[in-house]
Amino acid sequence: MAAAVRAGCAHKGFISVTRRGSHSSTALKPQYDAIVIGAGHNGLIASAYLQKGGLKTAVLERRHVLGGAAVSEEIIPGFHFSRASYLLSLLRPHIYQDLELKKHGLKVYIRDPYSFTPMLEDGVRGRPPRSLTLGADLEKTQQEIGKFSEKDAKVYPDFLSYLERLACAIHPLLDAPPVDIPGLTQGSLRKKITALGSLKPLVKSGLKLGKNIPDFYELVTAPAIKVLNRWFESEPLRATLATDSVIGANTSPNNPGSGYVLLHHVMGELEKEKGAWGYVEGGMGGVSQSIARSARSLGADIFTNRDVKQVLIGQDGSAKGIILTDGTEVHSKVVLSNATPYITFKQLTPKDALPEAFITAVDQIDYTSPVTKINVAVDKLPNFLAAPNSADGKPGPHHQCSIHLNCESMEVLEEAYREGQQGCPSSRPMIEMTIPSVLDPTLAPPGCHVVSLFIQFTPYLLEGRRAWTDEDRERFADTVFDWVEHYAPGFKNSIVGKDILTPPDLERVFGLTGGNIFHGSMSLDQLYLARPLPSVADYRSPVKGLYLCGSGSHPGGGVMGAAGWNSALKVLADFKRL
């Protein structure tokens with residue numbers, strides 16, 4: 001990681017106060033019903049539901065701040081960043097309501113429009129370069145698309161309806177554990193009858209899909225480019241939509257399975273508004289803090305600066321609690337891990353507690369990450385050639401969007417991917433820029449802004465063998481800033497400070513194995529019944545009393561809170577039988 005700061009608006013009479021992690025005033029008890037390792041959003045949600053279910057629960061976070069990857073940090077004086085995760089949408093509606101997150105301080109700025117793709121081209125007859133803006137106003141969006149293709153503008157509403165039909169059918173699967181295969185095939189008749197209930201969400205999804213089942217099958221298995229080419233002819237629209245299929249994933253729109261993530265384009269929901277994406281006031285840590293406040297109000301104990309060294313295993317081979325790095329033992333009847341499956345089973349669980357074949361399978365889970373995140377503090381609003389700033393300097397509608405740079409064509413995206421696969425950071429990387437401070441003034445001093453740059457494709461090891469150095473980080477950041485400068489001249493001179501997080505930095509800071517933001521690849525071989533492995537898809541580990549509750553389990557990263565909710569239900573059901 002590299003961070004740098006120069007004198008700027010953060011120091012122009014602006015008094016900055018570093019936000020600290022949220023510490024519990026309650027002392028850590030020696031015994032709990034349940035212990036959750038890691039205070040990411042899934043761990044916090046699991047703790048809230050366990051506490052609602054009557055289990056005295058403690059959450060132990062190794063860092064000084066709650067939230068896992070959904071954190072807000074003042075890493076540059078006066079500027080508060082969503083340091084890793086940066087947008088909110090796929091927070092499950094029933095969790096939002098059950099935990100009364102609005103009451104507990106969650107405030108979201110919904111973005112409309114939500115997508116802006118400027119072209120890197122010369123303007124015609126003194127006009128600015130073209131751009132493509134997508135938003136909730138369908139008529140305006142069609143006008144934007146019509147600048148590139150009237151045909152595409154006409155069919156775009158049908159494309160959205162197509163995605164929405166398929167996305168609606170997925171919701172029952174997100175909000176329930178996968179089908180209980182062991183329960184259906186092993187044990188007593190009573191156990192098998194009970195396990196039949198796990199089929200209900202799958203049947204419900206199938207009935208919702210109906211005649212659309214073949215379309216759904218094609219979408220989840222096909223390359224995104226195949227789907228997009230069938231609908232559209234204009235490169236800027238296809239490339240902009242294709243970014244949804246590869247964001248955070250080490251894949252190309254030309255690769256099979258990339259079509260599934262297109263559903264995220266419409267799967268989101270915020271405050272009952274379908275497909276909405278927004279910025280959380282105060283940064284993404286605002287989500288985590290609101291969940292933590294809800295969990296605490298229910299009686300959960302939540303602690304920061306508590307680094308778990310190992311899961312305690314009893315003589316009967318079951319989980320009995322945890323040991324902290326300072327030697328403190330805390331006992332419990334069950335343990336839930338919000339860490340990645342790799343950390344859970346390779347670092348926290350004693351090796352002799354797990355079957356050798358299982359450990360071998362854990363080693364095969366794919367955590368490849370193509371992502372570098374750069375957080376940038378600037379002393380003025382970026383000024384895009386394709387949409388020049390107004391004379392008064394106020395943000396335009398496009399500033400609140402996800403701003404897609406180097407996304408003019410599918411070939412540009414494909415070339416960036418190819419370079420990454422060869423062990424080199426992309427020379428023309430795919431960049432998703434967001435400027436949340438245009439809607440949330442709490443994030444930066446007056447006149448200044450926080451800029452998030454989510455960049456692909458960068459390898460974990462350079463040339464497949466060499467670790468990143470500070471010089472490598474700076475060189476790549478300069479490449480990224482040069483490209484931003486092409487679209488928004490003056491950007492480089494506006495930089496007050498920066499925070500560079502390559503895949504190894506994301507791993508070290510946030511515990512994201514391989515730097516993978518989803519706790520493991522979202523490829524078809526690591527979804528639903530196979531997430532993270534077929535033998536632990538039901539959140540139960542081979543160690544009795546040890547469960548997974550993080551994004552490495554179903555339904556995976558991006559679907560906020562579902563793994564925490566599902567795992568808590570599984571624990572509560574098992575607890576009744578203890």
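## Tyr539 and the packing around it

Tyr539 is buried, with a relative accessible area of 0%. Buried means under 20% relative accessible area, exposed means over 50%, and partly exposed lies in between (1.4 Å probe, protein chains only). Tyr539 also has a positive phi of about 75 degrees, although it is not a glycine. It lies in the loop between α17 and β21. Helices (H or I, at least four residues) and strands (E, at least two) are DSSP runs, numbered from the N terminus.

### Confidence and conventions

This is a predicted model, in which local features need pLDDT of at least 70, side-chain atom pairs count only at pLDDT 80 or more, and totals for chains, interfaces and linings use all residues. Residues are numbered from 1 along each chain as its sequence is written, and side-chain values use heavy atoms, with hydrogens and water left out.

The pLDDT is the predictor's confidence in each residue, from 0 to 100. Its mean for the protein is 91, and 93% of the residues reach 70 or more. Over residues 10-23 the pLDDT is below 50. Beyond near neighbours in sequence, that stretch has 33 contacts in the model. A contact means heavy atoms within 4.5 Å. Where pLDDT is low, the predicted coordinates should not be read in detail.

### Strand pairing

Two strands pair if DSSP finds at least two bridges between them. The table gives five pairings.

| Strands | Sense | Bridges | Opposite residues |
|---|---|---|---|
| β7 (115-118) and β8 (131-134) | antiparallel | four | Pro118 and Ser131 |
| β7 (115-118) and β17 (402-405) | parallel | two | Phe116 and Ile403 |
| β2 (31-37) and β15 (329-337) | parallel | six | Gln31 and His331 |
| β14 (319-324) and β15 | antiparallel | three | Ile323 and Glu329 |
| β15 and β21 | parallel | three | Ser337 and Leu548 |

Strand β15 pairs with β2, with β14 and with β21. The hairpin of β14 and β15 has four residues between the strands. There, Gly327 takes a positive phi near 95 degrees.

Strand β7 pairs with β8 and with β17. Which way do the residues of β7 point? Ser115 and Thr117 point one way, and Phe116 and Pro118 the other way. All four are buried. In a regular strand the side chains alternate between the two faces of the sheet.

### Helix packing

Two packed helices are described by the angle between their axes and the distance between the axes. Axes are lines fitted to C-alpha atoms, for helices over the stretch in contact, and angles run from 0 to 180 degrees between N-to-C directions. Angles under 35 degrees count as roughly parallel, over 145 as roughly antiparallel, 65 to 115 as roughly perpendicular and the rest as oblique.

Start with helix α8 (residues 213-221). Its residues Phe216, Glu218, Leu219 and Val220 are buried. Their cover includes α4 (150-174), α7 (200-209) and α9 (224-231).

Two of those covering helices, α4 and α9, pack at an angle of about 130 degrees, with their axes 9 Å apart. They are therefore oblique to each other. From α4, the contact uses Lys151, Asp152, Val155, Asp158, Phe159 and Tyr162. From α9, it uses Val227, Leu228 and Trp231. These residues divide into six nonpolar, no polar and three charged. Ala, Val, Leu, Ile, Met, Phe, Trp, Tyr, Cys and Pro count as nonpolar, Asp, Glu, Lys and Arg as charged, and the others, Gly among them, as polar.

Helices α10 (residues 235-246) and α15 (residues 410-421) also pack. Their axes come within 8 Å and cross at roughly 40 degrees. That makes α10 oblique to α15. Glu235, Arg238, Ala239, Ala242 and Thr243 in α10 meet Met410, Glu411 and Leu413 in α15. This contact has four nonpolar residues, one polar and three charged.

### Backbone points to check in the loops

The loop between α17 (503-510) and β21 (546-548) holds Pro532 as well as Tyr539. A cis peptide bond joins Arg531 and Pro532, with omega about -10 degrees. A cis bond also joins His554 and Pro555, with omega about 5 degrees. Pro555 is in the loop between β21 and α18 (562-575).

Asn305 sits in the loop between β12 (301-303) and β13 (308-313). Its phi is near 55 degrees, a positive value in a residue other than glycine. Is Asn305 buried, partly exposed or exposed? At 44% relative accessibility, Asn305 counts as partly exposed.
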